[in-house]
Amino acid sequence: MSAITRDEVAHLARLSRLALTGNELDHYATQLDAIIEAVAKVAEVAAEDVPPSSHALPLTNVFRADEVRQSLTPEQALAGAPAVEDDRFRVPRILGEEA
């Protein structure tokens, strides 16, 4: 027995403001039914003793720890800029934005 009917797909399409043909309703009903069956199979396998996880393998952070160290002064960073304004890079205005 199908878990989702053609009428339910038509209802979902109306809610989503989608205009679907009869063939599309049948096609999507079949696809949604297959998705629901696949989710049901996963639910059968999931057991109480299996902890939920987001990945199949455990992940560890491979980045180094942040370290505070010397960096450029604002003057050094802006030294090669074609235009500077108020200790910032000056760039052309885009998309008609107001200043």
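## Exposure and the case of P58

A residue counts as exposed when its relative accessible area is over 50%, as buried when that area is under 20%, and as partly exposed in between. P58 has a relative accessible area of 75%, so this proline is exposed. P58 sits in the loop that runs between α2 and α3. The model discussed here is a predicted one.

The same loop residue also serves as a distance marker. P58 and Q70 are 12 residues apart along the chain, and the separation of their C-alpha atoms is 35 Å.

## Overall dimensions

The radius of gyration of the chain is 29 Å, whereas a compact globule of 99 residues would come out near 13 Å. Measures along the principal axes add detail: the C-alpha trace spans about 75 × 45 × 15 Å.

Burial is counted over the whole chain as well, and 9% of its 99 residues are buried. Contacts between residues at least 6 apart in sequence include 25% that join residues at least 24 apart.

## Surface and charge

The chain has an accessible surface of about 9600 Å². Carbon and sulfur atoms account for 57% of that surface.

Charged side chains divide into 9 positive and 17 negative ones. The centres of these two sets are 7 Å apart.

## Secondary structure

Three helices and two strands make up the secondary structure of the chain. Read from the N terminus, the order of the elements is α-α-α-β-β. Helix α1 covers residues 6-15, and α2 covers 22-45. Helix α3 takes in 74-78, while the strands β1 and β2 take in 84-85 and 88-89.

## Helix α1 and its packing

The buried residues of α1 are V9, A10 and A13. Viewed down the helix axis, these buried residues fall within an arc of 100 degrees, so they line one face of α1. The packing partner of the buried residues of α1 is α2.

The other side of α1 carries the exposed residues D7, R14 and L15.

## Q31 in helix α2

Q31 belongs to helix α2. Is Q31 buried, exposed or partly exposed? Its relative accessibility is 39%, so Q31 counts as partly exposed, given that the partly exposed class lies between the 20% and 50% cut-offs.

Q31 can also be placed relative to I4. These two residues are 27 apart along the chain, and 9.6 Å separates their C-alpha atoms.

## Loop residues with positive phi

Which phi value does R17 take? Phi of R17 is near 60 degrees, a positive value in a residue other than glycine. R17 comes just after α1 and lies in the loop between α1 and α2. The relative accessible area of R17 is 79%, so R17 is exposed.

D86 likewise has a positive phi, near 55 degrees, and is a residue other than glycine. D86 occupies the loop between β1 and β2. With a relative accessible area of 60%, D86 is over the 50% cut-off and therefore exposed.

Conventions: Residues numbered from 1 in each chain as written. Predicted model: local features only at pLDDT ≥ 70, side-chain atom pairs only at ≥ 80, totals over all residues. Heavy atoms only, no water. Helix = DSSP H or I, 4+ residues; strand = E, 2+ residues; numbered from the N terminus. Rg over C-alpha atoms; globule rule 2.2 N^0.38 Å. Buried < 20%, exposed > 50% of the residue type's maximum accessible area, 1.4 Å probe, protein only. Contact = heavy atoms within 4.5 Å. Areas by Shrake-Rupley, 256 points an atom, 1.4 Å probe, with all protein chains shown as cover. Lys, Arg positive; Asp, Glu negative; His and termini not counted. Charge placed at Lys NZ, Arg CZ, Asp CG, Glu CD. Arc of directions from axis to C-beta.
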